[in-house]
Amino acid sequence: MARQKPLSRKARRDFRNLSQREDYNRGNELRRDKDDIKNISNEIIDMDSAIMYYFNEVIKPTVTENKETVKVPVMYASPERWLSIQKMGFMRDKRQQLITPVIVFRRTGMSKNENLPQNKIEANNPQQFVTIEQNYNQQNRYDAFSRQIGLTPNKTYYNVVMPDYVILNYEFTIWTSYIEQMNKLVERINYTNGSYWGEPGKMRFKSRIESFSDASEMDTQGERLVKTNFTVEMMGYIIPEEFNRYATTKKYLTPKKVIINMDVEKPAEEFVKTDAGGGVSINAPRQDVFSISVSNPLTFTGGTGVTLSSDGVGFDGSQPVTQNISIGQDVSTTSNVTFNQVTSNSLVFGNPTTYTYTGISGSVNITGSLTTSGNVTVNGDMTVLGTLTAQEIKTTYVSSSIIFESGSTRFGDTTDDTHERTGSLQITGSWSLNGQTINEISQDTTLGDASTTALVSEYALSNFSSTNVGDVQTYLRKQFYKTSNSITNPTASFAAVTASAPSGYTATNEDDFLFFINGQYMEHDALEIEQSGSVFLLKVDNSGIGYDLESDDEIIAVGKFNS
């Protein structure tokens, strides 16, 4: 068997000649420049970046120092920086100042996740994929139309390569100046245990935080540093970017199908092959159609009051059917029409009277009696030439006088009714106000009758005040103060006469005075007063007031003295 001549290097390199290769199939080459799904890659640095993003944008570590919120920086420990930390146990800046607070982390190792085994068979040509279907593509945007014409649209599928599942270990160190600051940071970080760390819209990785260990220490200059160490396990997955040239996502399309369904009533001999490609046509003589007959004819049947000339005769198209429709009487515009009952929205008699369900528009003359079981509302004037008989008359305004020979009248039925009168009101007899009967307006200036059915006039009140009220006002306005002349325990005397109360008022007593001993108020419960001629005596209950009176005490009284 002859050997096949190998292709030259130029032919193998030229893409235009790739069709000469036996293993090359142009049907598998699809455009990927407009795809929404691109080749993917995820590397170790992406997981390091996910930690940095999660700490800075999600955890957002801060401490409070001097009543100010200070953001805690998060740094990745390079080998040089980690060596310095191991030697000194802390970090210093370029000016040899302690950096605190700060969070430093580094990756300490990576191992394969045995819980998710992976067998790629060949790394350069991985065979393990997850297949997903794209719900919409540009070629199938008229799916409903394609279904109508029997075109089954093709579908787009993508094979996404399975990644390597690994476990990455990280070591973290936190430095703060105070234990309270450290507690806040540890609480905030520990709360994220078990969550997925990473940036939204990108890869996220499940994290597991190991226990926190306290490593507080003193530096060489005697400064105390609060230090905490903890480790993190991150469940990651790796797809190296170098393998994108082997297409980590592969695209393929399902073939389109055209399904033709035809229902015909022709014998096989009338189908004639028209071309070698399989086209056929129906070879049958042309016939003119003169009539169409249906198996279910159209039938008219006369109803109530309607008569058909061909009642119940069906029309199936085979022959014409004539129907004359008539009713029991002539209903032309000049005919006299009789109905048992008529229902309509309005009824018009002549011009311009119109009867509707809402009322009558126009004038109405009634000869005879009019009886109604509902209410009657008159928007204009109402003239009654005969006698108007009513069980009750309620008016909102009366412009003329009404004289009744006998009987009672009543205006209003609730307390919020208002009745207005213009002019004089004359009443013979008594009148009642809220249940109180009034039968007199008194002119007595002495008010001696003390009547319960009389109202006092302005004249009587004015003359009564001028004779009696003056004494009352004088008594009420009196207010003098006195100092005691002598004190003999338990009595203090004042050179004064009390003012006597007018007739009808309570007699003057100790409640009409205020007493102060050496500037301190004296309780009324332990005091009594007595008028002895021109001397006013104050008697004190020592046991009630709690002390004895001394001769050198000063007692001041303010009250109803005569002067």
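**Exercise 1.** State how many bridges join strand 31 to strand 35, and place the pair in its sheet.

Solution. Strand 31 (residues 491-495) and strand 35 (residues 535-540) run antiparallel and are joined by 5 bridges. Strands are DSSP runs of E with at least two residues, numbered from the N terminus, and two of them pair if DSSP finds at least two bridges between them. Alanine 495 has valine 535 of strand 35 as its bridge partner. The open sheet holds 4 strands in the order 30-31-35-34, with antiparallel pairing. Strand 30 (486-488) and strand 34 (527-532) each have a single partner strand, so one side of each lacks a neighbour in the sheet.

This is a predicted model, where local features need pLDDT of at least 70 and side-chain atom pairs count only at pLDDT 80 or more, while totals for chains, interfaces and linings use all residues. Residues are numbered from 1 along each chain as its sequence is written, and side-chain values use heavy atoms, with hydrogens and water left out.

**Exercise 2.** Describe the peptide bond from asparagine 489 to proline 490.

Solution. The bond is cis, with omega near 10°. Proline 490 sits in the loop between strand 30 and strand 31.

**Exercise 3.** Decide whether lysine 67 is buried or exposed, and give its phi.

Solution. Lysine 67 belongs to the loop between strand 1 (62-65) and strand 2 (68-71). Its phi is near 60°, a positive value in a residue other than glycine. Lysine 67 counts as exposed because its relative accessibility is 85%; the classes are buried under 20% relative accessible area, exposed over 50%, and partly exposed in between (1.4 Å probe, protein chains only).
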